[in-house]
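I opened the model to look up a few residues and write down what I found. The entries follow in the order I made them.

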Amino acid sequence: MISKDSVVHVAGLAKLQFSETELEKYTSQLSEILDMVEQLESVPTQDVPVTTQSIHLENVMRADVAKPGEPVADLLKNVPTKKGTLIQVPAIIDKEED
């Protein structure tokens with residue numbers, strides 16, 4: 001069983017403040033949680049194999065295969081303004097003079 005003083009100490013570390021009613025409630029709940037952990041510690045697990053995943057996962061992604069790109073002229077057909085093979089866009093940051 002955990003003491004109220006221990007709960008107050010942990011609450012202080014977490015910068016939490018509880019009323020007396022809340023302190024009793026949380027002390028009881030934390031004590032129950034620690035009792036459950038203690039029960040779990042008594043379960044023999046020496047012969048249980050390590051489980052890193054409960055289901056077998058497969059890579060469902062496609063293979064990464066390089067393909068030729070589109071011709072630049074086709075890509076620039078719908079561009080409103082361009083300079084050579086570059087797309088011109090409006091400036092969004094004004095330069096301020098010092």
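**Entry 1: two buried residues**

I looked up S31 and found that it is buried, because its relative accessible area is 6%. In these notes buried means under 20% relative accessible area, exposed means over 50%, and partly exposed lies in between (1.4 Å probe, protein chains only). The model is predicted, so I note that local features need pLDDT of at least 70 and side-chain atom pairs count only at pLDDT 80 or more, while totals for chains, interfaces and linings use all residues. Residues are numbered from 1 along each chain as its sequence is written, and side-chain values use heavy atoms, with hydrogens and water left out.

S31 sits in helix α2, which covers residues 20-41. Helices here are DSSP runs of H or I with at least four residues, strands are runs of E with at least two, and both are numbered from the N terminus. I then asked which residues S31 touches, not counting residues up to four places away in sequence. They are M1 and I2. Contact means heavy atoms within 4.5 Å.

T27 is in helix α2 as well. Is T27 buried or exposed? T27 counts as buried, because its relative accessibility is 6%. Leaving aside neighbours within four places in sequence, I found T27 in contact with I2, S3, K4 and V7. I2 is therefore on my list for S31 and on my list for T27.

**Entry 2: salt bridges**

How many salt bridges does a search of the whole structure find? It finds 3. A salt bridge is a side-chain nitrogen of Lys or Arg within 4 Å of a carboxyl oxygen of Asp or Glu. As a general point, side chains of opposite charge can pair when their charged atoms come close.

I began with E20 and K4, which form a salt bridge with their closest N and O atoms 2.7 Å apart. This pair links distant parts of the chain, since E20 is in helix α2 and K4 is in helix α1 (residues 4-13), 16 residues apart. E20 is partly exposed because its relative accessibility is 45%. K4 is partly exposed because its relative accessibility is 32%.

K4 also meets E24 in a salt bridge, at 3.4 Å from N to O. K4 lies in helix α1 and E24 in helix α2, so this pair ties together parts that are 20 residues apart in sequence. E24 has a relative accessible area of 44%, so I wrote it down as partly exposed. K4, E20 and E24 are thus linked in a network of salt bridges.

The side chains of K77 and D74 meet in another salt bridge, at 3.7 Å from N to O. K77 counts as exposed because its relative accessibility is 60%. D74 is partly exposed, because its relative accessible area is 40%.

**Entry 3: surface patches**

I next looked for patches on the surface. Patches are made of residues with over 30% relative accessible area and no salt bridge; like charges are joined within 9 Å, and nonpolar side chains (Val, Leu, Ile, Met, Phe, Trp, Tyr) within 5 Å. Accessible areas come from the Shrake-Rupley method with a 1.4 Å probe, and for residues only the protein chains shown count as cover.

I33, M36 and V37 form a nonpolar surface patch, with about 260 Å² of accessible area together. V37 is in helix α2. Its relative accessibility is 39%, so V37 counts as partly exposed.

E32, D35, E38 and E41 gather in a surface patch of negative charge. Asp and Glu count as negative, Lys and Arg as positive, and His and the chain ends are not counted. The place of a charge is taken as NZ of Lys, CZ of Arg, CG of Asp or CD of Glu. One of the patch residues, E32, lies in helix α2. E32 counts as partly exposed because its relative accessibility is 45%.

**Entry 4: a loop residue and some distances**

K15 is in the loop between α1 and α2. Its phi is near 60°, a positive value in a residue other than glycine. K15 is exposed, because its relative accessible area is 74%.

I92 is in the segment after β2 (86-87). I92 counts as exposed because its relative accessibility is 80%. From C-alpha to C-alpha, I92 and Q29 are 56 Å apart in space and 63 residues apart in sequence.

A73 is in helix α3 (residues 72-75). A73 is exposed, because its relative accessible area is 57%. The C-alpha atoms of A73 and I92 are separated by 27 Å, and the two residues are 19 apart along the chain.
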